[in-house]
Amino acid sequence: MKSTQQPTLLIFTALMISVSSLHPSQALSSCRNLCGTIAINYPFGVDDGCGAPQYRKMLNCNSSDLFFVAQSGNYKVRSIDYDKQTMVVYDPGMSTCTTLQPHHDFILTDIQSVVMPPTPDTIFALLNCSIDSPVLNRYKSLCFNFSSHNCDELYNGCSAFKIFHVNGTIGVGGTNPPCCFTGYNTAKLMNMDILDCSHYTTMYNVDEIDGGEAPMDWSYGIELSFVVPKTGCELCQGSGGTCGFDIETEMTLCLCSISSNSTRQCGE
């Protein structure tokens, strides 16, 4: 009786040789352009080799949600505005006006600090600070008010922060514990333990908050800015390709098909 396993083995071996012979940059047949309801356009990509190499592996997509991958953890992406070149992310470990969370640091990698820093109108509010906090002493110039708003509004207007009014270290006589409105660079240079503040929250688009708007109506989250590299991506896209890069050399490529890529445009 002849064995029926030999043809099957030959076919399997042939398939393995065919797959292994593909160049790494040719192994991508397509780049996903949507994660849940959020469009994934250049310079971003959720598949390795897609988008610009400067933003490589900064985004992760599961079945329905998009996440920004930072040094300190994964942050859910709420929106990407390609016209304004901004991305809004949410830190699940961050306190908000209605939720009090144990603090942890928001840390970007060195390259993320350069290519995707928080926007200037993203404010970090350091809450329930010790009277010995460096931002209340030597570095008090790093704190500021914005749009005529101050820390007392957060303590008095947010249900999550009213506990500090009762249990704050200097909450005697109806006063609130110190807090500090500051920028990302402060949180980058000094972690929360050095800042000696028990909690933090962040607001974005603060330039659009008028003096009469209550803290419950502020936009909580972190808005990051990004720049689209000038690599001729429009030429690639106009020829039907997808902008990407070689996963070994990170050389810019126009991804055309599983077996045809170009440095500029498809059909060259």
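Visitor: How many bridges join strand 3 to strand 4, and in which direction do these strands run?

Guide: Two strands count as paired if DSSP finds at least two bridges between them. The strands themselves are DSSP runs of E of at least two residues, helices are runs of H or I of at least four, and both are numbered from the N terminus. Here, strand 3 (residues 59–61) and strand 4 run antiparallel and are joined by three bridges. One pairing can be read directly: cysteine 61 has leucine 66 of strand 4 as its bridge partner. The connection between strand 3 and strand 4 is a hairpin of four residues.

Guide: A note on the source is due here. This is a predicted model, in which local features need pLDDT of at least 70 and side-chain atom pairs count only at pLDDT 80 or more, whereas totals for chains, interfaces and linings use all residues. Residues are numbered from 1 along each chain as its sequence is written, and side-chain values use heavy atoms, with hydrogens and water left out.

Visitor: What joins strand 4 to strand 5?

Guide: Strand 4 and strand 5 (residues 73–81) run antiparallel and share four bridges. Alanine 70 stands opposite glycine 73 of strand 5, and the hairpin formed by strand 4 and strand 5 has two residues between them.

Visitor: Which residues of strand 4 lie on the covered face, and which on the uncovered one?

Guide: In a regular strand the side chains alternate between the two faces of the sheet. In strand 4 (residues 66–70), Leu66, Phe68 and Ala70 belong to the covered face, while Phe67 and Val69 belong to the uncovered one.

Visitor: Is methionine 58 buried or exposed?

Guide: The classes rest on relative accessible area: buried is under 20%, exposed is over 50%, and partly exposed lies in between (1.4 Å probe, protein chains only). Methionine 58 has a relative accessibility of 4% and is therefore buried. This residue sits in the loop between strand 2 and strand 3. A contact means heavy atoms within 4.5 Å; setting aside neighbours within four places in sequence, methionine 58 has contacts with Phe67, Phe68, Val69, Ile111, Gln112, Val115 and Met116. The C-alpha atoms of methionine 58 and glycine 45 are 8.3 Å apart, with 13 residues of separation in sequence.

Visitor: Where is lysine 57 found, and what is notable about its phi?

Guide: Lysine 57 is in the loop between strand 2 and strand 3. Its phi is positive, about 60°, although the residue is not a glycine. Lysine 57 has a relative accessible area of 59%, so it is exposed. Aspartate 196, also not a glycine, has a positive phi of about 60°; it lies in the loop between helix 6 (192–195) and strand 9 (197–203). Aspartate 196 is partly exposed, at 35% relative accessible area.

Visitor: Which residues are joined by a cis peptide bond?

Guide: The cis peptide bond joins tyrosine 42 and proline 43, with omega at about 20°. Proline 43 belongs to the loop between strand 2 and strand 3.

Visitor: How many cavities of 30 Å³ or more are there, and what lines the largest cavity?

Guide: Rolling a probe the size of a water molecule over the atoms shows where empty space is left. On a 1 Å grid over the protein atoms alone, a cavity is a set of points where a 1.4 Å probe fits but cannot get out, and lining residues have an atom within 4 Å of a point. Grid points are joined across faces, edges and corners, and the volume is the space filled by probe spheres set on the points. One cavity of 30 Å³ or more is counted, and the largest cavity holds about 60 Å³ of space. Its lining consists of His104, Asp105, Phe106, Phe124, Ala187, Met190, Asn191, Met192 and Tyr200. By class, six of the lining residues are nonpolar, two polar and one charged. Nonpolar here covers Ala, Val, Leu, Ile, Met, Phe, Trp, Tyr, Cys and Pro, charged covers Asp, Glu, Lys and Arg, and the others, Gly among them, are polar.

Visitor: Where is confidence lowest, and where is it highest?

Guide: pLDDT is the predictor's confidence in each residue, from 0 to 100. Helix 1 (residues 5–20) has the lowest confidence, with a mean of 37, and strand 2 (residues 38–39) the highest, at 97. Over residues 1–29 the pLDDT stays under 50, and the model has 19 contacts beyond four places in sequence for them. The protein averages a pLDDT of 82, and 82% of its residues score at least 70.

Terms used
1 Å grid on protein atoms, 1.4 Å probe; cavity = no way out; pocket = protein on both sides within 12 Å on 5 of 7 lines; lining within 4 Å.
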